[in-house]
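Subject: Structure for you to look at

Hi,

Here is the structure I said I would pass on. Have a look at it first, and then read my notes below.

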Amino acid sequence: MRKLKFRAWDRWHNQMEYDLYHEPGDIKVTDINEYFEEETDQYEFMQFTDLQDCNGEDIYEDDICWVEGWGNARVEYVRERGGFVLIIQYGGFRYLTIDEARGSKVVGNIYENNARLYGVR
């Protein structure tokens, strides 16, 4: 089983924290706040999708990606679908495939950039 990689938006300091890891078997992913022993209202955790964009940049949940032919889309994990999807404002959603990830470009995220400027919610 692979090691899970996270980043976290620090609400108190308005900055992104990178390179947070979770070893399989340590805890349930739902207990990630307790794992990092921080206040649960201070951080918003985002999981690495295990995919990279056309520039080799890691793609995380809540990233805003430019997808050729579709425009801007938000990366989100949808439990009912069992995976990461691209939420496209005017096109519903699509699974985030390896090909779509490689053909897309991370242009920001919903915490550090104004998502409305990119046309995503």
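Before the details, a term for the hairpin below: helices and strands here are DSSP runs, numbered from the N terminus, and two strands pair if DSSP finds at least two bridges between them. Please keep in mind that this is a predicted model.

**Overall layout**

The chain has 2 helices and 9 strands, and along the sequence they come in the order β-β-α-β-β-β-β-β-β-α-β. Of its 121 residues, 42% are buried. The accessible surface is about 7500 Å², with carbon and sulfur atoms making up 44% of that. If you take the contacts between residues at least 6 apart in sequence, 49% of them link residues at least 24 apart.

**Strand 3 and its partners**

Strand 3 covers residues 43-52, and 7 of its 10 residues are buried. It runs antiparallel to strand 1 (residues 4-10), with 5 bridges between the two; Ala-8, for instance, has Phe-45 in strand 3 as its bridge partner. Strand 3 also runs antiparallel to strand 4 (residues 58-60), this time through 3 bridges, and here Gln-52 sits opposite Asp-58. The hairpin formed by strand 3 and strand 4 has 5 residues between the strands, and Gly-56 has a positive phi near 80° there.

**The cores**

In soluble globular proteins, nonpolar side chains tend to be buried together. In this model the largest nonpolar core has 12 residues, including Leu-51, Ile-59, Cys-65, Phe-84 and Val-106. Strand 5 (63-67), strand 6 (71-78) and strand 7 (83-88) each give two or more residues to this core, and strand 7 gives the largest share, with 3. A second, separate core has 6 residues, among them Leu-4, Leu-20, Tyr-43 and Phe-45.

**The cysteines**

How many disulfides are there? The count is 0, with a cut-off of 2.5 Å between the sulfur atoms. Cys-54 is not in one, and the nearest cysteine sulfur, in Cys-65, lies 9.4 Å away. Cys-65 has no bond to Cys-54 because that 9.4 Å between their sulfurs is too far.

Are these two cysteines buried or exposed? Cys-54 is partly exposed, at 45% relative accessibility, whereas Cys-65 is buried, at 0%. Apart from its neighbours within four places in sequence, Cys-65 has contacts that include Ile-59, Ala-73, Val-75 and Val-106, and those four residues also belong to the largest core.

Shout if you want to go through any of this together.

Cheers

How values were computed:
Residues are numbered from 1 along each chain as its sequence is written. This is a predicted model: local features need pLDDT of at least 70, side-chain atom pairs count only at pLDDT 80 or more; totals for chains, interfaces and linings use all residues. Side-chain values use heavy atoms; hydrogens and water are left out. Buried means under 20% relative accessible area, exposed over 50%, partly exposed in between (1.4 Å probe, protein chains only). Helices (H or I, at least four residues) and strands (E, at least two) are DSSP runs, numbered from the N terminus. Contact means heavy atoms within 4.5 Å. Accessible areas come from the Shrake-Rupley method with a 1.4 Å probe; for residues, only the protein chains shown count as cover. A nonpolar core is a set of buried Ala, Val, Leu, Ile, Met, Phe, Trp, Tyr and Cys residues joined through side-chain atoms within 4.5 Å.
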